[in-house]
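Colleague: I would like a close look at a single part of this predicted model, taken slowly and with its surroundings.

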Amino acid sequence: MSRPIPLTVVQDPGESLYAAQPKIYPREIDGRFARLRIVAVFVLLGLFYLLPWVRWDGHQAVLFDLPARKFYVFGLTFWPQDFFWLACLLIIAAITLFFFTALAGRLWCGYACPQTVWTEVFLWIERLCEGRRNQRIKLDGGKWTREKILRKSAKQFLWITLSLWTGFTFVGFFTPILDLGHAAASLSFSGWEGFWIVFYGFATYGNAGYMREQVCKYMCPYARFQSAMFDHDTLIISYDEARGEPRGHRKRGVPSVLAISTLAAPPSALDGDSGSPSASGASRSPPSANALGDCIACDACVQVCPTGIDIRDGLQIECIACAACIDACDSVMDKMAYPRGLIRYTTESLLSGRVRRIVRPRTAIYATILTALIVAFAWGVTHRAALIVDVLHDRNALYREMSDGGIENGYTLKLVNKTDLVQNLSIALEDDEPALRIVGKTRVTVEPGQVANVPLTLRADRDGIKGRRRVELLVRNDDDSIHVEHKSEFFAPEEK
Amino acid sequence: MTDDAKRADGEDAAGLRALRLRRVGAVAWPSFFAACVASVVFFAIVDPSELAEITWPHLTVSREFGYSIGFFMFWACTLGSSAFTALLLSARVKRAARERRQTLESGQ
């Protein structure tokens, strides 16, 4: 008799873009890395929510005042003309990200990304209203009882409140938050302020409340290209397959393979800490009596994973390096009285028995570029020009011929006073050009932080200048602490 | 239709929905990010109120309005471009899948 061979379609879960993924209920976990993330959440979100309320010299300490086109960062005031420094700052941020990624893997994803920190807070709220993992699964699976409605509405209320407050804070970085607070109290936002508060609030609500790990897995570009910064010495979270396999349930009291092994020193969670040997690679001892590795197949690492992967399958693109599995596994190892570190921060080099190099061309290059940029930025920002001078030649006519045969060129001088003092400035021609003179007033007062548009006329006497002539204007204040030269052109008809 | 087939069909539909949603996310999020960067760079140099003066002087355009319009214009461009890329790629992926299925079937 022929018997049908049982067939199942095997699909790699990482490959199957098709499968509708079940909702992930990450189990709560306590441990050193979880505490580290809580610290990160409090520091980063604390900065975000409190910074707009800090005052400095009578203005908001950090304010990217878009309506006034002025950026205040504590004692510094930036103007649109300082955009270069903003670009420089963004580049510094990017290189910092590259540097830390090369060094320690997805630190950003696991501890600092807004997606991670807000999701963490939204999970806290969810836990507060709906209970721990098993209670949540039960609640979602159950009927709509009075309790379920109450718990769900409480969660929604807190989520929406936090989202709106987040949106409000976000807009508070761009318009003075005190004014915004007054507007909020009387519900009289300008249309766009209201729009952006709701927009940002909604984005927070959707991303941290519902999308969660989907953002990291399917939407985040950084998750895809960060592997370009990885090498064999980058910190990754890895399961020690040589020590753990074959996995299986066992009775209490079965000793760890490490205890039987000649290399009994327990590895730390951070291999780099002690450089202690693990059971990885060729150093694996003969298998223990029952031929089981140290993994007891409790699946705690899978249950705590916020992206729902099994770290024991190896390094995966979904892993955001949050180290929840390390915490989970460590607590299990403690219960079994096994050395910690079956899942740990390690590197490919360490796993294959080589030494970890922290200083290597990749990190050295990133560090050099980073240092150079930071130094340049610090120097540049503290040595910015106090006065910006722009000379715009009249757009409509190159020159005007006067009745007496003289030639006039019209200009607009744009003077930006970037100091906090009133500046009395005088305008003069730098070269002693006898044929050319300034017509009209040459003294101008510019208030602190203001832009003055000064019309300026240069006049050449009859036959004084032919064709194009380069002119240099000098703008200075009385004590010459401000002294800016600016080149422009003077046009006259060519010789006939 | 057997129960199994029905369930498989339902799962397939749910899977397709998830796939579509994911594609929307993959188009929306990077394009949003690119539009943010473009807006920052553009408006650092260009003052929206000056831009308004030389474009539609008879309309009163506040800076906030200018920034917002500019941002959404950039987003419309990046979103459109990403969406077209997704569309073009998905047609190729579908064709490749169909061809592969045909080869598999003819091989049997």
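Colleague: How many residues does the largest nonpolar core have, and which of them have the most contacts inside it?

Modeller: The model is predicted, with an ipTM of 0.74 and a pTM of 0.78, and what follows should be read with that in mind. The largest nonpolar core has 38 residues, and those with the most contacts inside it are I237(A), C301(A), C325(A), A328(A), C329(A) and I343(A). Two or more residues each come from α9, β6 (236-239), α14 (300-304), α15 and β7 (343-346) of chain A, and α15(A) gives the most, with seven residues. Domain 1 (32-229) and domain 2 (236-351) of chain A both contribute residues, so the core lies between them. In soluble globular proteins, nonpolar side chains tend to be buried together.

A328(A) shows how this core is joined to other parts of the chain: leaving aside its neighbours within four places in sequence, A328(A) is in contact with I29(A), A300(A), C301(A) and V304(A). A second core of 18 residues lies apart from the one described here, and among its members are Y411(A), L413(A), V471(A) and A492(A).

Turning to the packing of α15(A), two packed helices are described by the angle between their axes and the distance between the axes. For helix α1 (residues 32-50) of chain A and helix α15 (residues 324-335) of chain A, the axes come within 7 Å and cross at roughly 145°. R32(A), F33(A) and A34(A) make the contact on the side of α1(A), while A324(A), I326(A) and D327(A) make it on the side of α15(A). Sorted by class, this contact of α1(A) with α15(A) comprises four nonpolar, no polar and two charged residues.

The loops that lead into two of the contributing helices deserve a careful check of their backbone. Most residues other than glycine have a negative phi, and most peptide bonds are trans. R212(A), placed in the loop between α8 (191-211) and α9 of chain A, has a positive phi of about 45° although it is not a glycine. R212(A) counts as buried, because 22 C-beta neighbours lie inside 10 Å. A297(A), in the loop between α13 (271-274) and α14 of chain A, likewise is not a glycine and has a positive phi, near 55°; with 14 other C-beta atoms within 10 Å, however, A297(A) is partly exposed. One further backbone feature is the cis peptide bond from E245(A) to P246(A), with omega near -10°, where P246(A) is found in the loop between α11 (241-244) and α12 (257-260) of chain A.

Helix α9 of chain A also has a part in the contact between the chains, which takes 17 residues from chain A and 18 residues from chain B. On the side of chain A that touches chain B, α2 (83-104) and α9 (213-219) of chain A each supply at least two residues, and α9(A) gives the most, with three residues. By class, that side of chain A has 13 nonpolar, three polar and one charged residues.

As a setting for these details, chain A has 17 helices and 16 strands, and 28% of its 496 residues count as buried. Among contacts in chain A between residues at least 6 apart in sequence, 71% join residues at least 24 apart. For the partner, the mean pLDDT of chain B is 83, and 87% of its residues reach 70 or more.

Notes
Residues are numbered from 1 along each chain as its sequence is written. Chains are lettered from A and ligands numbered from 1 in the order in which they are written. This is a predicted model: local features need pLDDT of at least 70, side-chain atom pairs count only at pLDDT 80 or more; totals for chains, interfaces and linings use all residues. Two residues are in contact if their C-beta atoms, placed from the backbone, lie within 7 Å. Helices (H or I, at least four residues) and strands (E, at least two) are DSSP runs, numbered from the N terminus. Ala, Val, Leu, Ile, Met, Phe, Trp, Tyr, Cys and Pro count as nonpolar, Asp, Glu, Lys and Arg as charged, and the others, Gly among them, as polar. Axes are lines fitted to C-alpha atoms, for helices over the stretch in contact, and angles run from 0 to 180 degrees between N-to-C directions. A residue is buried if 20 or more other C-beta atoms lie within 10 Å of its own, exposed if 12 or fewer, and partly exposed in between; C-beta atoms are placed from the backbone. A nonpolar core is a set of buried Ala, Val, Leu, Ile, Met, Phe, Trp, Tyr and Cys residues joined through C-beta atoms within 7 Å. Domain bounds come from an automatic or database domain assignment. pLDDT is the predictor's confidence in each residue, from 0 to 100.
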